[in-house]
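Let's take a walk through this model together, with an eye on its rings and on one of its helices. Have the viewer ready and follow along.

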Amino acid sequence: MPISACSGLLLLTLAPSTMLSGQIPDTAMMDRIRDEGLNHSQVMQTLSYLTDVIGERLTGSPSLKRANEWTRDKMTSWGLSNAHLESWGPFGRGWQLDRFSAQVAAPYDIPLIAYPKAWSPSVRGPVTTDVVLVDVQDEAGLQKLKGQLKGKIVLNGGDTPIPARFTAQGVRFTDEELEAMKEPQAPRGQRGAAGGPGQRPGANRGQAALAGSKLRFFMQEGALAVFDASRSDDGTVFVQSATVPPPADLPAPVAPAPTTTPASGQTAPPAPAPRRGVSVWDKSAPKTLPQVTVSSENYNRMVRMIKQGEKLRITLDLKTSFYDKDLMAYNTVAELPGTDLKDQIVMCGGHMDSWHSGTGATDNGAGLVVAMEALRILKALNLHPRRTLRVALWSGEEQGLFGSRNYVTQHFGSYPTPAGGPAGGGGGAAPANRGELTKTPEYDKISAYFNLDNGTGKIRGIYCQSNEKVVPLFTEWLAPFKDLGAGNVTIRNTGSTDHVSFDAIGIPGFEFIQDPIEYQTRTHHSNQDVFDRIQGDDLKQASVIMATFLYNTAMRDEMIPRKPLTTTLGAQ
């Protein structure tokens with residue numbers, strides 16, 4: 001039976017340990033959290049400064065370090081304790097875009113919507129040069145181009161048809177889709193499983209090998225730069241990092257399959273691929289070419305013009321800076337101290353790093369400010385949780401969950417790293433052959449970690465990562481928020497973000513289910529990942545639910561139950 005606000009406050013005064021250490025959610029406290037989070041929120045102000053003022057936050061960049069320090073100081077101003085930066089690494093070279101423009105200069109001027117890939121080198125420019133279309137499917141096709149690329153800009157690949165859109169890019173989960181998500185996920189290899197529909201690993205391997213051969217050939221032939229097309233339309237440019245040419249004798253990694261967001265059917269980029277060879281951010285990385293991604297409409301036009309006999313020239317101006325004095329990267333951490341169980345901790349977080357064509361608003365400024373706001377709410381209410389609450393804002397997530405993985409290793413434990421082990425993870429499961437877990441003294445003192453990293457959408461529920469013991473608990477905790485659209489609890493796993501680092505060593509780590517909005521279709525890793533795409537009311541709702549889960553976890557007599565370690569290690 002619901003407890004009134006007055007009676008709840010009376011019980012808080014008379015018997016806090018009896019009321020709040022049990023399993024029944026404190027309804028009066030939930031009302032206070034809801035009021036602070038919905039009516040006195042600071043989440044949008046925090047996000048605006050982070051994205052509009054500080055801007056993009058590529059791992060290793062000066063702007064990310066500024067964000068590390070600003071979030072530390074911001075949380076200190078709210079009264080949180082022990083706000084500090086924790087280093088991990090070495091990561092490698094930082095990178096910053098100083099100046100960029102690109103346009104067709106002949107036969108007449110055509111401005112281009114385009115962005116250089118991260119860690120691209122500069123050109124000595126501005127440079128105006130000829131354009132060569134390279135649309136080949138094998139090594140033999142490349143060899144026919146010998147002697148034709150020196151000093152020129154390569155258009156890497158042909159034009160791609162752009163169908164009309166007859167469905168909205170922005171969507172919310174329907175009740176039917178949420179209900180379907182409660183069913184256990186299909187085994188790997190079936191449609192909708194983590195392996196992707198109809199995936200052919202051999203085809204991916206061949207494509208990756210040809211891509212490596214192309215880049216190696218372009219460098220050997222002395223090309224000036226390589227342009228490719230964005231994977232979307234509407235002038236949206238999806239762009240990540242440049243690549244370095246692999247040695248000819250190094251097998252190309254299998255390109256990971258895209259995954260399908262449960263129920264929504266939206267195609268998501270794959271989890272990070274296993275690292276092989278040298279990454280472009282490594283200090284020892286070999287030289288590579290400037291690489292630029294162009295909007296598909298602009299790119300297609302250039303291809304069609306060339307195919308019809310036009311001689312294109314492009315003016316390219318690209319200046320970038322590399323930073324290698326400090327090869328370490330940093331996470332930002334802060335706490336709300338506990339009381340009688342202060343040596344035990346409850347964690348939440350989201351990653352602070354982003355890609356560089358937007359300002360990292362939906363990926364993942366939204367998630368990290370929700371985590372910050374959750375602790376601000378509890379501090380503003382002058383609450384004293386039994387367990388210590390700790391927020392962590394990760395870096396290096398986009399390159400392979402590096403910040404959270406290193407934190408987990410330093411604080412809680414790790415398995416021996418197998419050769420060729422996964423960098424990302426994709427379903428809450430670690431490889432079965434990882435050996436014996438080495439635990440630190442903190443391993444048994446963390447109750448749970450809660451993550452938010454699926455865009456700007458409101459929380460609709462939570463993935464339980466195959467932990468059957470938490471299903472009834474989380475169902476009870478979400479029940480008061482059905483009027484806000486939350487309530488779905490699924491046994492399913494989800495991967496490719498920072499809760500995987502905890503789950504992989506047996507610590508309860510969870511990701512919330514969020515409405516897709518435009519995440520995969522428009523904002524994820526694109527130039528449209530900006531503050532204007534944020535849904536403010538959704539972030540307020542998410543902050544309230546995150547704060548509630550942290551508070552309930554901190555006040556229980558017992559820690560969050562863990563699934564058997566053998567389950568964590570088994571392939572799922």
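Rings of Phe, Tyr and Trp, the last represented by its six-membered ring, form a pair if their centres lie within 6.5 Å. In this predicted model, such pairs link Phe450, Phe474, Trp477, Phe510, Phe512 and Phe549 into a cluster. Across the whole structure there are 22 aromatic pairs.

One of these pairs joins tyrosine 49 and tryptophan 70: the ring centres are 4.7 Å apart and the planes meet at 15°, so the two rings count as stacked, the cut-off being under 30 degrees. Tyrosine 49 belongs to helix α4 (residues 43-54) and tryptophan 70 to helix α5 (residues 62-77), so the contact bridges distant parts of the chain, 21 residues apart. As for their surroundings, tyrosine 49 is partly exposed, at 31% relative accessible area, whereas tryptophan 70, at 17%, counts as buried.

Rings also meet charged side chains here. Lysine 65 sits over the face of tyrosine 330, 4.6 Å from the ring centre. Arginine 231 does likewise with phenylalanine 238, at 3.7 Å from the ring centre.

Now turn to helix α9, which covers residues 296-307. With 1.5 Å a residue, its 12 residues should span 16 Å, and the end C-alpha atoms are indeed 16 Å apart, so expectation and model agree. Which residues in α9 are buried? They are Ser296, Asn298, Tyr299, Asn300, Met302, Val303, Met305 and Ile306. After α9 comes glycine 309, with a positive phi near 95°.

Notes
Residues are numbered from 1 along each chain as its sequence is written. This is a predicted model: local features need pLDDT of at least 70, side-chain atom pairs count only at pLDDT 80 or more; totals for chains, interfaces and linings use all residues. Side-chain values use heavy atoms; hydrogens and water are left out. Helices (H or I, at least four residues) and strands (E, at least two) are DSSP runs, numbered from the N terminus. The expected span of a helix is 1.5 Å times one less than its number of residues. Buried means under 20% relative accessible area, exposed over 50%, partly exposed in between (1.4 Å probe, protein chains only). Rings of Phe, Tyr and Trp (its six-membered ring) pair if their centres lie within 6.5 Å; planes under 30 degrees apart count as stacked, over 60 as edge-to-face and the rest as tilted. A charge sits over a ring if NZ of Lys or CZ of Arg is within 6 Å of the ring centre and within 35 degrees of the ring normal.
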